[in-house]
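Colleague: Before we discuss this structure, could we look at it together and go through how each term is applied?

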Amino acid sequence: MDNTAIHEGDYVLFILNERKNFLVKVNRNERFHTHKGYIDLNDVIGKEYGSLVKTSKNIEFVLAKPTIADFIKKIQRKTQIIYQKDAAYILFIANVASGKNVVEIGTGSGALTAALAYYVKPTGHVYTYDINLDFLELAKRNIEKIGLSEYVTFKNKNPIEGIDEKDMDATIIDIGNPWDVIKPAFNSLKNSGILVCFCPTINQVEKICSVLKENSFRDIHGIELIEREYQVEAGKIRPRTLMIGHTGYIVYGRKSFS
Ligand SMILES: C[S@@+](CC[C@H](N)C(=O)[O-])C[C@H]1O[C@@H](n2cnc3c(N)ncnc32)[C@H](O)[C@@H]1O
């Protein structure tokens with residue numbers, strides 16, 4: 001299939017400006033309504049990604065091919081999700097790449113699951129655990145929408161009772177009590193495998209670091225990423241007035257043994 005042209009059923013990112021965009025499924029004989037007028041979706045089918053379309057009020061939108069980051073930003077959520085600055089760092093330090101096998105504890109809305117699945121495909125796999133069936137079902141729908149279902153196994157099981165998978169390359173934990181799953185995570189990881197915990201509070205960081213040490217993890221690090229976006233208008237370049245002040249801390253270490 002020609003990937004440069006928009007086909008019926010494709011998701012397209014309609015970009016008004018750098019602050020406003022919409023992720024739209026292009027169905028035939030439908031209109032997409034915005035506060036800037038509507039777009040007839042029949043006019044979009046067959047156009048090239050990157051081209052422009054005008055609304056009924058003569059306002060231009062860019063027709064962009066959504067990236068994995070665009071899909072994740074628009075994910076339907078019922079839980080707090082891991083933001084892209086943290087997700088990108090986690091993927092890098094956990095060495096997530098095509099062919100890797102990863103366990104995720106705390107699927108939530110599936111935002112990080114989507115990022116993990118995107119990078120382990122086509123030969124790797126993500127095994128994601130959540131004790132809440134509602135969240136797991138939502139995450140399943142989100143991952144299906146992005147087209148990554150075949151790279152993810154969803155497990156409605158408490159990993160405190162054990163993780164089924166062995167020889168895993170990495171384990172990523174985003175739950176309130178990460179220390180309770182460190183032993184099962186250790187048993188599931190391959191030697192020298194990477195464990196990453198996302199912790200919203202510094203109290204969690206302190207506790208998880210000592211539990212990791214007690215459980216033979218080494219090379220333990222704790223970091224916080226602070227992102228400040230700039231407005232990039234010529235002659236008015238400066239940080240934006242508002243920013244997200246806090247997301248969480250990232251703690252990571254490697255499985256060792258004596
Ligand atoms: C903050 S959310 C995770 C969000 C996810 N990282 C994302 O980016 O969408 C935390 C999730 O952990 C789940 N959870 C809490 N305790 C758990 C446990 N012991 N095992 C597995 N999941 C657990 C909750 O049900 C919730 O869905």
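**The ligand and the sheet**

Modeller: Around the ligand there are 20 residues, the closest being Ile82, Asp130, Phe135, Pro159 and Asp174, where a residue is near a molecule if one of its heavy atoms lies within 4 Å of it. This is a predicted model, in which local features need pLDDT of at least 70 and side-chain atom pairs count only at pLDDT 80 or more, while totals for chains, interfaces and linings use all residues. Residues are numbered from 1 along each chain as its sequence is written, and side-chain values use heavy atoms, with hydrogens and water left out.

Colleague: What makes the pair between Asp130 and the ligand a polar contact?

Modeller: A polar side-chain atom of Asp130 lies 2.7 Å from an oxygen atom of the ligand, and a polar contact is a pair of N or O atoms within 3.5 Å, so this pair qualifies. A nitrogen atom of the ligand is likewise 2.8 Å from an N or O atom in the side chain of Asp174.

Colleague: Which strands stand at the edges of the sheet, and why is one side of each left without a neighbour?

Modeller: The open sheet has seven strands in the order β9-β8-β7-β10-β11-β15-β12, with mixed pairing; strands are DSSP runs (E, at least two residues) numbered from the N terminus. β9 (152-155) and β12 (217-224) are the edge strands, and each has a single partner strand, so one side lacks a neighbour in the sheet.

Colleague: How do you know that β12 and β15 pair?

Modeller: Two strands pair if DSSP finds at least two bridges between them, and β12 and β15 (residues 249-255) are joined by six, in the antiparallel sense.

Notes:
Polar contact = N/O pair within 3.5 Å; in protein donor to acceptor, adjacent residues only side chain to side chain. Helix = DSSP H or I, 4+ residues; strand = E, 2+ residues; numbered from the N terminus.
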